[in-house]
Amino acid sequence: MWNEPSAGVALVDGEQQRLPQPAVVERVEPESIGDALGFQPGDRLLSVNGVRPRDLIDLQFLVSAEELTLEVQDPDGTLHRVELEKEADEGLGLAFTEALFDGLRQCNNHCPFCFIDQQPPGHRRSLYFKDDDYRLSFLYGSYLTLTNLTEADWHRIEEQRLSPLFVSVHATDPELRSRLLVNPRAGLLLEQLAWFQQRQLQIHAQVVVCPGLNDGLALERTLLDLAGFATGEWPAVLSAAVVPVGLTRYRPAEDGLQPVDPACARRVIAQVEPLQQRFSTELGSRFAWLSDEWYLMAGLPLPPRASYEDLPQEGNGVGSIRAFLEAMDAATAQLPQALERPRRLSWVVGKLVAEALQPAVQRLNAVQGLELLLHGLPSPYWGQDQVVTGLLTGSDLLEGLAGCDLGDELLLPAVMLRQGEPLFLDDQRLESVAAQLPVPLRLVQGADEIVAACLGKSQSIV
């Protein structure tokens with residue numbers, strides 16, 4: 001999952017303290033308390049009961065009080081003092097432009113496999129933000145390393161019960177983890193996990209496998225160490241995701257990293273699946289989860305849906321494709337025998353997932369009068385032949401679809417665009433790419449929208 005902060009966020013390091021900025025209202029929920037009070041987009045919430053919130057977490061704690069005094073500033077600078085009473089579980093119904101009001105905590109590691117460092121220069125600033133902020137981990141499930149936390153941060157995590165957090169582990173061996181992250185503080189991980197365990201706080205873990213560095217015996221040790229914190233009524237480690245390293249053509253030639261190939265993928269699967277069975281017996285859960293990419297790279301079928309349990313790591317690509325295929329099964333369960341008007345259209349996805357989607361395409365093409373053409377594209381932009389859909393760029397589309405039969409319309413997964421903005425990862429704008437293609441684009445998000453577009457029931461064309 002690509003987590004990209006907004007362009008306006010301020011940056012801080014782990015040792016700085018920054019005065020919180022006002023929380024700027026972006027949206028007001030209709031018929032909410034905020035709506036009744038007259039809040040408008042652009043209003044600035046300065047304080048709640050005399051306290052200036054550092055982030056959305058503080059704000060949630062502060063507004064849980066039944067009696068509130070709000071200090072608010074209009075866009076023109078006019079100050080207001082608003083007093084109200086409400087139920088403790090009632091929110092204000094306000095959404096804000098940023099989650100953090102005192103700046104984004106940056107990463108202080110130098111991992112050679114960091115995907116953010118493997119980008120070409122010259123694009124929008126937010127693409128280069130190296131987020132390692134525990135608050136965003138709590139709020140949105142982004143991964144952090146725990147290496148930049150101050151004593152005050154640890155105290156706040158305990159005091160506000162900020163759990164679960166999502167932690168990039170990569171290795172539990174102190175020397176190896178320090179070497180992988182190029183940071184001596186990374187070797188404190190096992191002590192930090194014990195800290196979580198003692199306070200009944202929890203994490204989800206991630207291991208990015210780099211062939212020749214933290215695979216093989218190192219990977220086995222890492223998963224066994226993590227499983228040691230997964231016992232008891234209140235396990236400190238809830239799950240561990242095992243994902244392959246992603247390397248682009250922009251990384252330094254001397255970084256010593258090796259890409260994952262099909263043989264490596266099969267080795268990792270053969271190593272982790274027996275551990276899953278062991279954990280299932282000992283912990284009551286498979287606990288360690290292989291991302292779908294491993295099976296696609298290995299040319300092996302994805303595990304059945306039931307094996308993913310409650311999808312604890314779906315946001316990390318573990319079971320996300322299986323869940324999508326399940327959604328496609330449901331969306332295509334009752335298809336018409338024929339269309340009133342014939343339709344020819346195409347659907348573009350990353351080359352890595354194209355083969356897994358073929359059964360769904362075949363079901364749709366069984367409808368008389370419907371022809372859906374699936375285009376699985378590589379990414380020359382990143383220098384990756386096997387790529388997931390969300391990493392395809394505007395230039396990848398234009399290059400990969402040149403001369404292809406696109407039918408009368410192209411279905412474009414919204415996951416390729418920046419959330420809330422029609423912008424690809426290479427900074428090309430949606431309207432610019434659309435103007436260079438010979439057929440109209442239709443943005444789709446999820447199985448239901450794809451099927452509806454195929455059947456002519458969707459109207460949102462770019």
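**Packing of helices 7 and 8 and the setting of helix 6**

In this predicted model, helix 7, formed by residues 216-227, and helix 8, formed by residues 262-283, have axes that come within 11 Å and cross at roughly 20 degrees. Because angles under 35 degrees count as roughly parallel, helix 7 is described as roughly parallel to helix 8. The crossing of the two helices is right-handed. On the side of helix 7, the contact is made by Gly216, Leu217, Leu219, Glu220, Leu223, Leu224 and Ala227, which meet Val268, Gln271, Val272, Leu275, Arg278, Phe279 and Leu283 of helix 8. Grouped by class, the residues in this contact of helix 7 with helix 8 comprise ten that are nonpolar, two that are polar and two that are charged.

Helix 7 also takes part in the surroundings of helix 6, since the elements covering the buried residues of helix 6 include helix 7 together with helix 4 (151-159), strand 8 (165-168), helix 5 (174-181), strand 9 (203-209) and strand 10 (237-244). Within helix 6, which spans residues 189-198, the buried positions are Leu189, Gln192, Leu193, Trp195 and Phe196. When helix 6 is viewed down its axis, these buried residues fall within an arc of 150 degrees, and they therefore line one face of the helix. Such an arrangement can be read against the geometry of an α-helix, which has 3.6 residues a turn, so that residues three or four places apart point the same way. The face of helix 6 turned away from the buried side carries Glu191 and Gln198, both of which are exposed. Following helix 6, glutamine 200 has a positive phi, near 55 degrees.

Note on methods. Residues are numbered from 1 along each chain as its sequence is written. This is a predicted model: local features need pLDDT of at least 70, side-chain atom pairs count only at pLDDT 80 or more; totals for chains, interfaces and linings use all residues. Side-chain values use heavy atoms; hydrogens and water are left out. Axes are lines fitted to C-alpha atoms, for helices over the stretch in contact, and angles run from 0 to 180 degrees between N-to-C directions. Helices (H or I, at least four residues) and strands (E, at least two) are DSSP runs, numbered from the N terminus. Angles under 35 degrees count as roughly parallel, over 145 as roughly antiparallel, 65 to 115 as roughly perpendicular and the rest as oblique. A crossing is left-handed if the near helix is turned anticlockwise from the far one by less than a right angle, and right-handed if clockwise. Contact means heavy atoms within 4.5 Å. Ala, Val, Leu, Ile, Met, Phe, Trp, Tyr, Cys and Pro count as nonpolar, Asp, Glu, Lys and Arg as charged, and the others, Gly among them, as polar. Buried means under 20% relative accessible area, exposed over 50%, partly exposed in between (1.4 Å probe, protein chains only). The arc is that of the directions from the helix axis to the C-beta atoms.
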